Amino acid sequence: MDDQACPRCKTTKYRNPSLKMMVNVCGHTLCESCVDLLFLKGSGSCPECKIPLRRANFRVQLFEDPMVEKEVNIRKRILRDFNKKEEDFGSLREFNDYLEEIETIIYNLVNNIDVIETNKKIEQYKKDNKEQITKSKSKLGRSEYELEEMIELEKQKEEEKRLELVKQEMEAKRKKIREKEALIDELTFSEGNAKNIVETFASAIQASKKEAKAVPTKVTQFSTGIKFGNQGSQSYLPIPKIEEGPLFSYTPIRQTTEGPMPPGWRELQSRGYVTHVRCESSSERAGGFKAHVACLRALQESMAGLYHNPSQRQAEFTTV
């Protein structure tokens, strides 16, 4: 955005840090000074595409690509009239076709494809769906009005909090001034030791600060106005006491294997078990996988049944 320049006066953001780029429905940008100069009478033509434009339709450019600005403006204008919802259609397929038609119209207008035919289609749609458009706009207007009310109420609460904080700060400043004046009067008119008087005042100020910090403010609602409370009324099971029963003690699992003892963690590397095992990647290591774990499990499974003798096991069962 810093390298962007006005196509008419060639001014850049580097040479003019306060440069403000403006854009209109055609998607071509101009700086604010050129807009004021070219559209002094309120209307004029775009220096690039020569399309008739109005000064009131220029707005500050938000995106670096002016085509994005053009698409956003066209999309807002089209969706004011093409405002049907899914419940207005008999099937999901009809609703998807309707959305696809909207995207086709927006694409044609953004890229200047069949503009005349597309505008005729838009006007015909407005005539055929005049009642539906008006009804949807009224619903949207009510929801926007409710949203604006909620935002305004939130702003009022924030303003009240800000005023309360300012009031508290002013009161704290006045209190400091009164304390300083009281200290000066005490030092001026008292016959006591000045050091003891200063220490007494300092200890009193520290005590008042501790008392202020010790009183917490109980919050009863979020910033959005949603109240909360009664969280402390939940009842939980008491912690079992020792005399009520024995506490849990962990007993390690012992697994009998009919085979030789597999190597330990240290033996895997020293005896060369992991020489031909692929090392784990950084992503696998982040997920908790290690090549030593896979190698050890494979060795445990391979050695688990080497000494297994079905005939001997059957004889043991017969004896029992």
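**Exercise 1. A salt bridge after helix H7 begins**

Establish whether Arg271 is buried or exposed, and then identify the residue with which Arg271 forms a salt bridge.

Solution. Arg271 has a relative accessible area of 55% and is exposed, where exposed means over 50%, buried under 20% and partly exposed in between (1.4 Å probe, protein chains only). The model is a predicted one, in which local features need pLDDT of at least 70 and side-chain atom pairs count only at pLDDT 80 or more, while totals for chains, interfaces and linings use all residues. Residues are numbered from 1 along each chain as its sequence is written, and side-chain values use heavy atoms, with hydrogens and water left out. The partner of Arg271 is Glu267, with the closest N and O atoms 3.6 Å apart; a salt bridge here is a side-chain nitrogen of Lys or Arg within 4 Å of a carboxyl oxygen of Asp or Glu. Glu267 is partly exposed, at a relative accessible area of 30%.

**Exercise 2. Salt bridges within helices**

State how many salt bridges the whole structure holds, and work out why Arg93 and Asp97 are separated by about one helical turn.

Solution. The search of the whole structure returns 12 salt bridges. One of them joins the side chains of Arg93 and Asp97, at 3.4 Å from N to O. These two residues are separated by about one helical turn because they stand 4 residues apart in helix H3, residues 92-110; helices are DSSP runs of H or I with at least four residues, strands are runs of E with at least two, and both are numbered from the N terminus. Arg93 counts as exposed at 61% relative accessibility, whereas Asp97 is partly exposed at 37%.

The next pair is Arg174 and Glu171, whose closest N and O atoms are 3.6 Å apart in their salt bridge. Here the spacing is 3 residues in helix H5, so the two are again separated by about one helical turn. Arg174 is partly exposed, with a relative accessible area of 42%, and Glu171 is likewise partly exposed, at 40%. Finally, Glu71, Arg75 and Glu103 are linked in a network of salt bridges.

**Exercise 3. The largest pocket**

Describe the largest pocket by its volume, by the residues closest to its centre and by the helices that supply its lining.

Solution. The volume of the largest pocket is about 430 Å³. Of its 14 lining residues, Lys175, Lys176, Glu179, Ile205 and Lys209 are the closest to the centre. A pocket is an open set of points on a 1 Å grid over the protein atoms alone, where a 1.4 Å probe fits and protein lies on both sides within 12 Å along at least five of seven lines, and lining residues have an atom within 4 Å of a point. Helix H5 (130-189) and helix H6 (194-214) each supply at least two residues of this lining, and the largest share, 8 residues, comes from H6. By residue class, the lining divides into 7 nonpolar, 2 polar and 5 charged residues.

**Exercise 4. A nonpolar surface patch**

Name the residues of the nonpolar patch on the surface, and place Val68 in its secondary-structure element.

Solution. The patch is formed by Val60, Leu62, Phe63, Val68 and Val72, which together have about 410 Å² of accessible area. Members of such a patch have over 30% relative accessible area and no salt bridge, with nonpolar side chains joined within 5 Å and like charges within 9 Å. Val68 lies in helix H2, residues 66-81, and is partly exposed at 31%.

**Exercise 5. Backbone angles and contacts along the chain**

Find where Lys50 lies, and determine how far apart in space Pro260 and Leu306 are.

Solution. Lys50 lies in the loop between strand S3 (43-45) and strand S4 (52-54), has a positive phi of about 65 degrees although it is not a glycine, and is exposed at 57%. Lys10, in the segment before strand S1 (21-23), also has a positive phi of about 65 degrees without being a glycine.

For the contact, the C-alpha atoms of Pro260 and Leu306 are separated by 7.5 Å, although the residues are 46 apart along the chain. Pro260 belongs to the loop between H6 and helix H7 (265-270), and is partly exposed at 26%. A further pair is Val293 and Trp265, which are 28 residues apart in sequence and 8.8 Å apart in space, C-alpha to C-alpha. Val293 is found in helix H9, residues 291-303, where it is partly exposed at 28%.

How values were computed
Grid points are joined across faces, edges and corners, and a volume is the space filled by probe spheres set on the points. Ala, Val, Leu, Ile, Met, Phe, Trp, Tyr, Cys and Pro count as nonpolar, Asp, Glu, Lys and Arg as charged, and the others, Gly among them, as polar. Accessible areas come from the Shrake-Rupley method with a 1.4 Å probe; for residues, only the protein chains shown count as cover.
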